[in-house]
Amino acid sequence: MYLFSRKKIASKVYSISAAACVIFLAIMMAFIFLHQKNEAIKLTNEVRAKLLNIFDENENIADAITTKYTTSLQHGGCKIPALVQDNEQWHWQKSNGDHGSLFLNTQPTLNERCLLSSAIFVRDNIAKSDLSTKEGFRYIISTRQKMFYFFSRIDTDNFAIEDSIMFNNLQFYIPTMPDYYKRKLTHKLTQKGTVATPIYHDMITKSNAYSVVSFIYDLNSSNVPVAYLLYDHNLEELHGLANTLFRHNKWVRITLRETGSLNELCIFGCDIDDHFQTNVESGLSSQFKVITHIDMFGSVYHSVMFKLLIPVTLLLFMLMVKLTSRYLTRVARHTLIDHLTGLYSRKIESELKPATLERRFFALVDCNKFKIVNDRYGHAVGDKVLQMVADVIKQTIRKEDIAIRYGGDEFLIIIKTEQKSDALLVMERIAEEIARRSIGVNDDVITSTISYGVSRFNRDLKTSILLADKEMYKMKKRQAQ
């Protein structure tokens, strides 16, 4: 019934309640975000720790091969599985079992045989170890004999030394040749020389990757590396690594970025929005850093604390709205409601905007012979007649319709409908019900009738009421005849 008064009140009630709740939410969300950021930093450090662990294990494997290679050269006669030549490249014979994959441009010398036998020996022992990188994609490059030795089996049709961009431009990917002892006598990654290649497109996995680099030495003759032990971090492997840590954290994106360039690998949460982010950086080596991009809103939204905060805030908001609305509604009733009939007064006209009156019909109602009732029985009885008419109107119209005491014994009913026939049907029911009712005054029984006119909304409120008024007087003339 009080649609328009409440609508006007709501703007004040909601603005006050919303402002208080927004301030409360902003403070709480800031605390939640700081908590989530700390979680992201913790997870970033876990990713960094896992990547460093892979590097450390690669270093240990390179050291094991170095030790085995150095001692094997002292004894000589290193045995390797039988080789076969195919398209100017040497490979293992397929009948020799699983020894990984070999690509060699010339028959191996003693040094290469010992390097291969040492690698196979260490490779076989890795399977019995407690290393976490047993299944990683690891291989050896030896530039002296143009040799690739992969610890795992790969499809020979997908690889050839001549096609390897890395091998043909190795100084770009591995620019330094660190001294063995300088490398071993420091914990600082920045002083270990090259520890990883730049990001490149891998020929085997057909995706972007980068490789951890460790070095194999011949400690009998030189402190300079004789081969490189590489562990490939391709996207699939990096995604799996991050997923074990982050699982359902949809508000985090982790990238691995080369220092000094814009090249990066996205390893987790690659589909999160780039907007409203804050970043946490953690150095991995002199060449790479781990960057965690935090979706500020997403981090708060996916927090358990936020899910508890929302219903509490809503309950507080609803309570504030209810109490404030009650008070302001009582105040509004004194200005917008006709106290005799309980309908809207004419002051509601200022609230009726043309946009809200589209597709509505206006019915102007007049109580027939009302002046006679007032003159004969007094204004108190006249008031009862008006209250009876108002009660019938309120009981007949729908919630979306609007009833107004327009002045004296005139009422205005604004009916929401598409067809005039429906509006006329409503008015017929009102007229019939008013005619059936009566008011007893001493020994007299007073009955009432109404006249009404119905018109569609036309341009503005004033025009629409004038059209309804003309229709009402047409009815009065017909009744008089």
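These exercises work through helices, aromatic rings, a hairpin and two single residues in a predicted model. Residues are numbered from 1 along each chain as its sequence is written, and side-chain values use heavy atoms, without hydrogens and water. Local features need pLDDT of at least 70 and side-chain atom pairs pLDDT 80 or more, while totals for chains, interfaces and linings use all residues.

**Exercise 1. Check the span of α12 and find which side of it is buried.**

Step 1. Helices (H or I, at least four residues) and strands (E, at least two) are DSSP runs, numbered from the N terminus. Helix α12 covers residues 420-436, 17 in number.

Step 2. The expected span is 1.5 Å times one less than the number of residues. For α12 that gives 24 Å; the model has 25 Å from first C-alpha to last, which is close.

Step 3. List the buried residues (under 20% relative accessible area; exposed is over 50%, partly exposed in between; 1.4 Å probe, protein chains only). In α12 they are Ala423, Val426, Met427, Ile430, Ala431 and Ile434.

Step 4. These residues cover an arc of only 135° around the axis, so they lie on the same side of α12. The arc is taken from the directions from the helix axis to the C-beta atoms. An α-helix has 3.6 residues a turn, so residues three or four places apart point the same way.

Step 5. Look for partners in contact (heavy atoms within 4.5 Å). The buried residues of α12 pack against β13 (360-367), α11 (379-396), β15 (410-416) and β18 (450-456).

**Exercise 2. Repeat the span check for α11.**

Step 1. The 18 residues of α11 should span 26 Å at 1.5 Å a residue. The end C-alpha atoms are 26 Å apart, which agrees.

Step 2. Buried residues of α11 include Val381, Gly382, Val385 and Leu386.

**Exercise 3. Classify the ring pairs of Phe150 with Phe137 and Tyr139.**

Step 1. Rings of Phe, Tyr and Trp (its six-membered ring) pair if their centres lie within 6.5 Å. Planes under 30 degrees apart are stacked, over 60 edge-to-face, and the rest tilted. The count comes to 16 aromatic pairs.

Step 2. Phe137 and Phe150 have ring centres 5.7 Å apart and planes at 40°, so this pair is tilted. Phe137 is in the loop between α2 (110-126) and β4 (138-142), and Phe150 is in strand β5 (residues 147-150), 13 residues apart.

Step 3. Tyr139 and Phe150 are also tilted, at 5.2 Å centre to centre and 35° between the planes. Tyr139 is in strand β4, 11 residues from Phe150 in β5.

Step 4. Phe137 and Phe150 are buried; Tyr139 is buried too.

Step 5. One aromatic cluster holds Phe103, Phe137, Tyr139, Phe148, Phe150 and Phe167.

**Exercise 4. Describe how β1 and β2 are joined.**

Step 1. Strands pair if DSSP finds at least two bridges between them. Strands β1 (residues 83-86) and β2 (residues 89-92) are antiparallel, over four bridges.

Step 2. Val84 stands opposite His91 in β2.

Step 3. The two strands form a hairpin with two residues between them. Asn87 in the turn has a positive phi of about 55°.

**Exercise 5. Place Thr106 and Asn374 and give their burial.**

Step 1. Thr106 lies in the loop between β3 (101-104) and α2. Its relative accessible area is 39%, so Thr106 is partly exposed.

Step 2. Beyond four places in sequence, Thr106 is in contact with Trp90 and Gln145.

Step 3. Asn374 lies in helix α10 (residues 370-377). Its relative accessible area is 15%, so Asn374 is buried.

Step 4. Beyond four places in sequence, Asn374 is in contact with His379 and Gly382.
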